[in-house]
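Me: I have a protein with a bound ligand. Please help me see how the labels are earned.

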Amino acid sequence: MPVRVNRYLASTGLGSRRAVEDLIRAGRVTVNGRVAELATVVAEGDDVRVDGMPVRPESTMTVLLNKPRGAVTTARDPQGRPTVTGLVEAGVRLFPVGRLDRDTTGVLLLTNDGELAEHLMHPRHGVAKTYRARVSGEPGEAALDRLRAGIELDDGPTTPAEVTSRGAGVVDITIHEGRNRQVRRMFAAIGHPVIHLDRRAYAGLTAGRLARGKWRVLTPSEVEDLRRV
Ligand code: URA
């Protein structure tokens, strides 16, 4: 405090900074009775309202889920499949940081901290995501070198990746982007489609001893480290 009104609203769990900017532009936000603009600053004790309802910063929570196969990374699934948000009963509404495919397992963060989510997903920060891929066939070093160097996909070339073969069709790959189905598309492009994909680490955080389908709240120091990536 004092902070810009968009930042304040993002800290209330209303949504990302960009989402709350839409509320401000739509004239739905008031500060001390006056319609807020993007440049409005909020200080301790100010009366901030959205559609006339007072809002207060909620304490933020970030959790790590060891996602099981079959859960979808959406808030609600029209087909009634299990969702990652349904697996995390934290007493507050959390949203996933990025997404994993339905059949991908492993580390997924969920948070109600819009600032943190935006920070982690911003391409400029190039957060490291490490996957273990079981692929069809045994890719040779030449094929893996293509992944390391960056490979052309239909939405543009990938940035360099760290790639280590574990043998028997198992490959560890670390990427610093988060395009849709990126790892699956990269392996398909070298002729070794993915059979199973497990995210082993996100920004250095691993599932550790958490069983599949289980989650834990991150510690304040883990969250601080995430803010610095
Ligand atoms: N890349 C993919 O192809 N799928 C995921 O779930 C995550 C990264």
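Reply: Here are some questions about the ligand and its surroundings. This is a predicted model, where local features need pLDDT of at least 70 and side-chain atom pairs count only at pLDDT 80 or more, while totals for chains, interfaces and linings use all residues. Residues are numbered from 1 along each chain as its sequence is written, and side-chain values use heavy atoms, with hydrogens and water left out.

Me: What makes a residue count as surrounding the ligand?

Reply: One of its heavy atoms must lie within 4 Å of the ligand. Among the residues that surround the ligand are Leu100, Tyr131 and Arg181.

Me: Why is the pair between Asp101 and the ligand called a polar contact?

Reply: A polar contact is a pair of N or O atoms within 3.5 Å. A polar side-chain atom of Asp101 lies 2.6 Å from a ligand nitrogen, so the pair qualifies.

Me: What makes the contact with Val183 polar?

Reply: A polar backbone atom of Val183 is 3.1 Å from a nitrogen atom of the ligand, so this pair also meets the cut-off.

Me: How do you know that Gln182 makes a polar contact with the ligand?

Reply: A polar backbone atom of Gln182 is 3.4 Å from an oxygen atom of the ligand, so the pair counts.

Me: Which classes of residue make up the shell around the ligand?

Reply: The shell has four nonpolar, two polar and three charged residues. Asp, Glu, Lys and Arg count as charged. Asp101 is in the shell, so one charged member is Asp101.

Note on methods:
Polar contact = N/O pair within 3.5 Å; in protein donor to acceptor, adjacent residues only side chain to side chain.
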